[in-house]
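Please open the model in your viewer and follow the stops below in order, selecting the named residues as each one comes up.

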Amino acid sequence: MSVTRTSNLRRTSDHFEPEAALDPQAQRRLRGHIEQIDYTAYASNREVIGQVLGQADMARFQKLAVATALARGQWIAAALAMTESAQPLSPGEAARLAGLRAAYEELTEAYEGLRRLVERGYLSFPG
């Protein structure tokens with residue numbers, strides 16, 4: 001099954017939207033709780049991800065980008081080689097091709113994930 005991505009954004013509304021039935025004081029209290037929850041999640045992500053990954057730098061991004069480009073090239077090269085003949089792909093070839101594509105897609109997602117970690121401030125990046 002083929003998937004076409006039009007956006008990598010997976011965000012829902014991140015703005016506080018109080019219940020219309022809540023009085024203003026209850027809305028402020030709820031807003032304060034929501035802000036505490038958001039900050040707790042941020043601080044937890046920053047601490048844990050920092051311990052697991054350390055610091056992001058250009059060298060790490062470049063290594064991931066090169067690995068992703070290599071995986072993409074291997075996937076496409078294999079597809080081209082497998083279609084040189086007019087024969088349909090064998091189940092083994094299709095499985096190999098699917099594995100190469102999955103490797104490329106996983107590395108692409110890892111790159112996007114690493115970028116989001118820096119963007120959100122969970123992972124430090126030397127300036």
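Begin with the whole chain coloured by accessibility: of the 127 residues in the protein, buried residues make up 16%. Bear in mind from the outset that this is a predicted model. With a surface displayed, the protein exposes about 9,800 Å², and carbon and sulfur atoms supply 56% of that area.

Switch next to a cartoon, where the secondary structure comes to three helices and zero strands, so that, read from the N terminus on, the elements run α-α-α. If contacts are drawn for pairs with a separation of 6 or more, residues 24 or more positions apart account for 73% of them.

**Helix α2 and its buried residues**

Select α2, which has 25 residues and reaches 36 Å from its first C-alpha to its last, close to the 36 Å expected at 1.5 Å a residue. Which residues of α2 are buried? They are Phe61, Leu64, Thr68, Ala71, Ala78 and Met82, and the buried residues of this helix pack against α3. In considering how such positions are arranged, it helps to recall that an α-helix has 3.6 residues a turn, so residues three or four places apart point the same way.

Now centre the view on Thr68, whose place is in helix α2. Thr68 counts as buried because its relative accessibility of 11% falls under the 20% cut-off. With its neighbours within four places in sequence left aside, Thr68 is in contact with Tyr104, Leu107 and Thr108.

**The aromatic pairs**

Display the rings of the aromatic side chains next; with ring centres required to lie within 6.5 Å, the count comes to five aromatic pairs. One of these to select is Tyr42 with Tyr122, whose ring centres are 5.8 Å apart and whose planes stand at 45°, so the pair is tilted. This pair links distant parts of the chain, since Tyr42 is in helix α1 (residues 24-53) and Tyr122 in the segment after α3 (91-119), 80 residues apart. The two partners can also be examined for exposure: Tyr42 counts as partly exposed at 29% relative accessibility, whereas Tyr122, with a relative accessible area of 15%, is buried.

Move on to Phe61 and Phe125, where the ring centres are 6.0 Å apart and the planes stand at 70°, so the pair is edge-to-face. Because Phe61 lies in helix α2 (residues 58-82) and Phe125 in the segment after α3, the pair ties together parts that are 64 residues apart in sequence. Phe61, at 12% relative accessibility, counts as buried, while Phe125 is partly exposed, with a relative accessible area of 34%.

Before leaving the rings, add Tyr39 to the selection, as Tyr39, Tyr42 and Tyr122 form one aromatic cluster.

**A nonpolar patch on the surface**

Turn the surface back on and pick out Leu30, Ile34 and Ile37, which make a nonpolar surface patch of about 230 Å². Of this group, Leu30 lies in helix α1 and, at 32% relative accessibility, counts as partly exposed.

**The salt bridges of α3**

How many salt bridges does the structure hold? It holds two salt bridges, and each can be viewed by showing the charged side chains. Select Arg101 and Glu105, whose side chains meet in a salt bridge at 3.6 Å, N to O. Arg101 and Glu105 are separated by about one helical turn because they are four residues apart in helix α3. Arg101 counts as partly exposed at 33% relative accessibility, and Glu105 counts as partly exposed at 32%.

Then select Glu119 and Arg115, whose side chains meet in a salt bridge at 3.6 Å, N to O. Glu119 and Arg115 are likewise four residues apart in helix α3, and are therefore separated by about one helical turn. Here Glu119 is partly exposed, with a relative accessible area of 47%, and Arg115 counts as partly exposed at 40% relative accessibility.

**A last view**

To finish, show α2 and α3 together, with the buried residues of α2 packing against α3, and then bring back Phe61, which is both among the buried residues of α2 and a partner of Phe125 in the edge-to-face pair.

Note on methods
Residues numbered from 1 in each chain as written. Heavy atoms only, no water. Phe/Tyr/Trp six-rings, centres within 6.5 Å; stacked < 30°, edge-to-face > 60°. Helix = DSSP H or I, 4+ residues; strand = E, 2+ residues; numbered from the N terminus. Buried < 20%, exposed > 50% of the residue type's maximum accessible area, 1.4 Å probe, protein only. Patch = residues over 30% accessible without salt bridge, like charges linked within 9 Å, V, L, I, M, F, W, Y side chains within 5 Å. Areas by Shrake-Rupley, 256 points an atom, 1.4 Å probe, with all protein chains shown as cover. Salt bridge = Lys/Arg side-chain N within 4 Å of Asp/Glu carboxyl O. Contact = heavy atoms within 4.5 Å. Expected span 1.5 Å × (residues − 1).
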